[in-house]
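This report goes through one structure by region, from the annotated domain to individual residues. Please keep the sequence and the 3D view open while reading.

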Amino acid sequence: MHYWLFKTEPDEFSIDDLKAKNDEIWDGIRNYQARNFLRDQVALGDLVFIYHSSCKQPGIVGIAKVIKTAFADPSQFDAQSKYFDAKATPDNPRWISVTLEFVEKLRIIPLTKLKADQQLADMHLVQKGSRLSIQPVRESEWQYILDKYTSNSLK
DNA sequence: GCCAACGTTGGC
DNA sequence: GCCAACGTTGGC
């Protein structure tokens, strides 16, 4: 069992959208490091912090679960999509998606709090220049964040 | 909207 | 393979 943090821009797709739809193909990841995590390491049943970025209050806003692993991101083949990639073919796809299922919404844990917490100084998210949209979370960090910043059932 | 930090591209 | 130019991310 691994833990992850996935970023999303709430203007595009928010935790409320995930809650309303119940599950979602996580498409449009166009960074090789993030792609490699999706392809090689994200496993069935892994839990994911959903993080809102590029918005008024960036932070962790909920939890989701991986219900389908590594498959070719359909948007790379869709000429109408902004994620279309002319160099990708079904025989040789470049980009990978997984499907997430809504688990629960959290009262937002703002980035400012995560950054201020010395216990979380090693988290990728709080490192300078961190831009990775799919990042692993250590089990100790996952547990610590749930214990300290939430009152939820997944402890 | 600014801009620092990264990532990607392409000429050489 | 280097590296300058360009594009993107994402907090502020």
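## Annotated domain

In the UniProt record, an unreviewed entry, the annotation "domain: EVE" covers residues 3–147. The model discussed here is predicted. Over residues 3–147 the chain is 21% helix and 34% strand. The C-alpha atoms at the two ends of residues 3–147 are 15 Å apart.

## Nonpolar core

The largest nonpolar core has 34 residues. Leu 5, Phe 6, Val 48, Phe 49 and Ile 50 are the residues with the most contacts inside this core. At least two core residues each come from strand E1, helix H1 (15–21), helix H2 (32–40), strand E3 (47–52), strand E4 (59–72), strand E5, strand E6 and helix H4. E5 gives the most, with six residues. As background, nonpolar side chains in soluble globular proteins tend to be buried together.

Two of the core residues with the most contacts can be followed further. Phe 6 touches Trp 26, Val 48, Ile 50, Tyr 51, Ser 133 and Ile 134, leaving out residues up to four places away in sequence. Ile 50 is found in strand E3. Its C-beta has 26 other C-beta atoms within 10 Å, and the cut-off for a buried residue is 20 or more, so Ile 50 is buried. With residues up to four places away in sequence again left out, Ile 50 touches Phe 6, Thr 8, Ile 15, Leu 18, Val 61, Gly 62, Ile 63 and Ala 64. Ile 50 and Ser 14 are 36 residues apart along the chain, and their C-alpha atoms are separated by 8.6 Å.

## Helix H4

Which residues of helix H4 (residues 139–149) are buried? They are Glu 141, Trp 142 and Ile 145. These residues cover an arc of only 105° around the axis, which puts them on the same side of H4. An α-helix has 3.6 residues a turn, so residues three or four places apart point the same way. The buried residues of H4 pack against strand E1 (3–8), strand E5 (96–110) and strand E6 (134–137). On the face turned away from the buried side, H4 carries the exposed residues Glu 139, Ser 140, Asp 147 and Lys 148.

Ile 145 counts as buried because it has 23 C-beta neighbours inside 10 Å. The C-alpha atoms of Ile 145 and Leu 114 are separated by 8.6 Å, with their positions 31 residues apart along the chain.

## Surfaces near the DNA strands

DNA strand B is surrounded by Asn 31, Tyr 32, Lys 128, Gly 129 and Arg 131. By class, the surface near DNA strand B has one nonpolar, two polar and two charged residues.

DNA strand C is surrounded by Lys 7, Ser 53, Ser 54, Pro 58, Leu 111, Thr 112, Arg 131 and Ser 133. The surface near DNA strand C divides into two nonpolar, four polar and two charged residues. Arg 131 is listed for strand B and also for strand C.

Ser 53, from the surroundings of strand C, is found in the loop between E3 and E4. Apart from residues up to four places away in sequence, Ser 53 touches Lys 7, Glu 9 and Pro 58. Ser 53 and Thr 8 are 45 residues apart in sequence and 5.9 Å apart in space, C-alpha to C-alpha. Ser 54 is also found in the loop between E3 and E4, and it has a positive phi of about 50° although it is not a glycine.

## Loop residues

Asn 22 lies in the loop between H1 and strand E2 (23–26). Although not a glycine, Asn 22 has a positive phi of about 75°. Asp 73 is found in the loop between E4 and E5. Leaving aside neighbours within four places in sequence, Asp 73 is in contact with Asp 27, Trp 95, Ile 96 and Ser 97. The C-alpha atoms of Asp 73 and Asp 91, 18 residues apart along the chain, are separated by 12 Å.

The table gives the burial of these loop residues.

| Residue | C-beta neighbours within 10 Å | Burial |
|---|---|---|
| Asn 22 | 10 neighbours | exposed |
| Ser 53 | 14 neighbours | partly exposed |
| Ser 54 | 11 neighbours | exposed |
| Asp 73 | 26 neighbours | buried |

How values were computed:
Residues are numbered from 1 along each chain as its sequence is written. Chains are lettered from A and ligands numbered from 1 in the order in which they are written. This is a predicted model: local features need pLDDT of at least 70, side-chain atom pairs count only at pLDDT 80 or more; totals for chains, interfaces and linings use all residues. A residue is buried if 20 or more other C-beta atoms lie within 10 Å of its own, exposed if 12 or fewer, and partly exposed in between; C-beta atoms are placed from the backbone. Helices (H or I, at least four residues) and strands (E, at least two) are DSSP runs, numbered from the N terminus. The arc is that of the directions from the helix axis to the C-beta atoms. Two residues are in contact if their C-beta atoms, placed from the backbone, lie within 7 Å. A residue is near a molecule or strand if its C-beta atom, placed from the backbone, lies within 6 Å of it. Ala, Val, Leu, Ile, Met, Phe, Trp, Tyr, Cys and Pro count as nonpolar, Asp, Glu, Lys and Arg as charged, and the others, Gly among them, as polar. A nonpolar core is a set of buried Ala, Val, Leu, Ile, Met, Phe, Trp, Tyr and Cys residues joined through C-beta atoms within 7 Å. UniProt positions are given in the numbering used here, feature names are shortened, and annotations may be inferred rather than shown by experiment.
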